[in-house]
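Here are my notes for your first look through this one. Keep the picture open while you read.

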Amino acid sequence: MLFKFEKRDWASDYLTQGILPSWNNSGNYVGISALKNSDILTAVSHIASNVARFPIVALDKQNRNKTPEEVDYLINKSPNGTMNAYHWKFVMTVNAILTGDGFSRIVRDPRDNKPLDIEYYPTSQVSIDDSDVTNVMYHFTPINGKEIIEPIDNVIHFMFFTYDGIHGRSPLLSLKDEIGLQEDGIATLRRFFKSGMKGGLLKVKGSLNKEARRKMREEFEYAQRGATTGSPIVVDSNTEYSPIEVDTNVLQLINSNNYSTSQIAKALHIPAYKLAINSPNQSIKQLNEDFIRSDLPYYFNPIASDIGNKMLNPEDKKILRMEFDTRKETGLTVTEAVAASNGTMITPNEARYLIGLEYSDEPDLERFQSTLNTVFLDQKEEYQKNMQNKDNRLKGGEEHGQGNQTSNN
């Protein structure tokens with residue numbers, strides 16, 4: 001039985017998700033417009049800058065760096081003639097968070113199929129043809145350029161959440177209510193302070209109809225026109241004015257509401273303290289290491305996996321794995337590495353790697369090392385007994401030699 005695959009309406013999807021501008025309100029919460037929110041901007045900046053600053057390396061089973069030269073140059077130095085590696089990884093990550101997908105096209109050498117360039121494309125210029133899920137194709141439509149169609153092997157695709165392995169989904173789509181609540185609270189504060197914190201109750205003797213009330217209010221406002229904050233208010237004997245007391249608890253609740261901020265941090269997989277919600281009782285080094293070890297793998301792993309799958313040749317894929325090299329931040333200190341090496345837990349070469357240095361070709365550094373000042377516990381009593389017998393023999397020899405010397409004398 002043949003199944004007919006229906007081609008997705010990618011333009012409609014992008015309009016709905018806010019990747020392309022539209023009248024739809026969802027455009028306020030995803031895409032570039034989402035960066036208007038300071039919490040979103042801070043969270044995305046933290047994630048993208050950490051992805052961009054760490055090199056990506058290909059390691060063998062012994063954790064030795066075996067990254068092919070052409071791959072290392074493209075992903076860690078210069079992916080193309082117009083962009084450096086830092087900004088390439090940065091914009092790819094930003095797009096993957098804001099829109100769900102980050103796309104780059106791999107330009108290969110027709111002779112040996114090795115990668116020559118990595119061309120970045122905005123999400124709005126790329127569509128995915130999944131009408132045949134066994135042969136997914138990417139359509140690149142640059143402005144004032146000819147359409148380019150590439151198979152999946154020639155496209156680096158950053159996506160951190162996906163429900164089908166083909167299309168990414170922005171986590172911001174789940175934050176519409178939270179961001180809306182935050183924006184409503186800020187708007188309330190703006191209206192309050194924009195009004196100059198004015199407002200009061202004007203009591204007039206007698207009974208007034210609707211028109212008289214309106215006219216009285218207008219005359220009172222006209223009389224106070226031009227007054228600055230703190231200026232006295234003048235009323236006659238028939239009028240009583242009293243300012244409206246503002247419940248500052250309501251304003252404090254709006255201003256200190258951390259619910260939306262914590263939800264944004266949770267959805268984007270970053271600790272809440274990164275958005276200034278609280279201050280844990282840990283050192284900055286510990287907090288940063290925990291962030292890199294516990295939270296960033298959510299972003300590191302899919303990126304490294306996709307780059308390794310697209311950039312390495314078939315033979316290298318069998319023996320190498322791509323990883324982010326974070327040893328400069330999470331590696332052992334020199335003291336810890338020396339202690340582990342002296343305790344025969346790791347070799348000196350492994351100690352070099354764990355503190356952020358490259359492996360040495362010196363063969364002796366591959367051997368376990370220890371001091372002569374240690375002994376196994378099960379040999380401790382025998383060792384002490386042998387040492388005691390040795391001392392007794394030495395003492396007996398000394399006494400015997402001393403006696404012979406006395407008799408000879």
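The points below go from confidence to the sheet and then to the helix on it.

1. Before anything else, remember that this is a predicted model. The protein chain has an average pLDDT of 80, and 77% of the residues reach at least 70.

2. Confidence changes from element to element. Strand β7 (residues 155-158) has the highest mean pLDDT, 97, while helix α1 (residues 10-17) has the lowest, 52.

3. Go easy on two stretches. Residues 1-7 have pLDDT below 50, and the model gives this stretch 7 contacts beyond near neighbours in sequence. For residues 19-27 the pLDDT stays under 50 too, with 19 contacts beyond four places in sequence. Where pLDDT is low, don't read the predicted coordinates in detail.

4. Now find the sheet. It is open, built from 3 strands in the order β3-β2-β7, and the pairing is antiparallel. Why do β3 and β7 each have one side without a neighbour in the sheet? Both stand at the edges with a single partner strand, so one side of each is left free of a neighbour there. From one strand to the next, the twist averages 25°.

5. Zoom in on one pair. Strand β2 (residues 102-108) and β7 run antiparallel and are joined by 4 bridges. To see a bridge for yourself, start at Gly102: its bridge partner in β7 is Phe158.

6. Finally, look at what lies against the sheet. Helix α4 (residues 85-99) packs on it and touches β2, β3 and β7. The direction of helix α4 makes about 55° with that of β7.

Note on methods
Residues numbered from 1 in each chain as written. Predicted model: local features only at pLDDT ≥ 70, side-chain atom pairs only at ≥ 80, totals over all residues. Heavy atoms only, no water. pLDDT = per-residue confidence, 0-100. Helix = DSSP H or I, 4+ residues; strand = E, 2+ residues; numbered from the N terminus. Contact = heavy atoms within 4.5 Å. Pairing = 2+ DSSP bridges. Axes fitted to C-alpha atoms, helices over the stretch in contact; angles between N-to-C directions.
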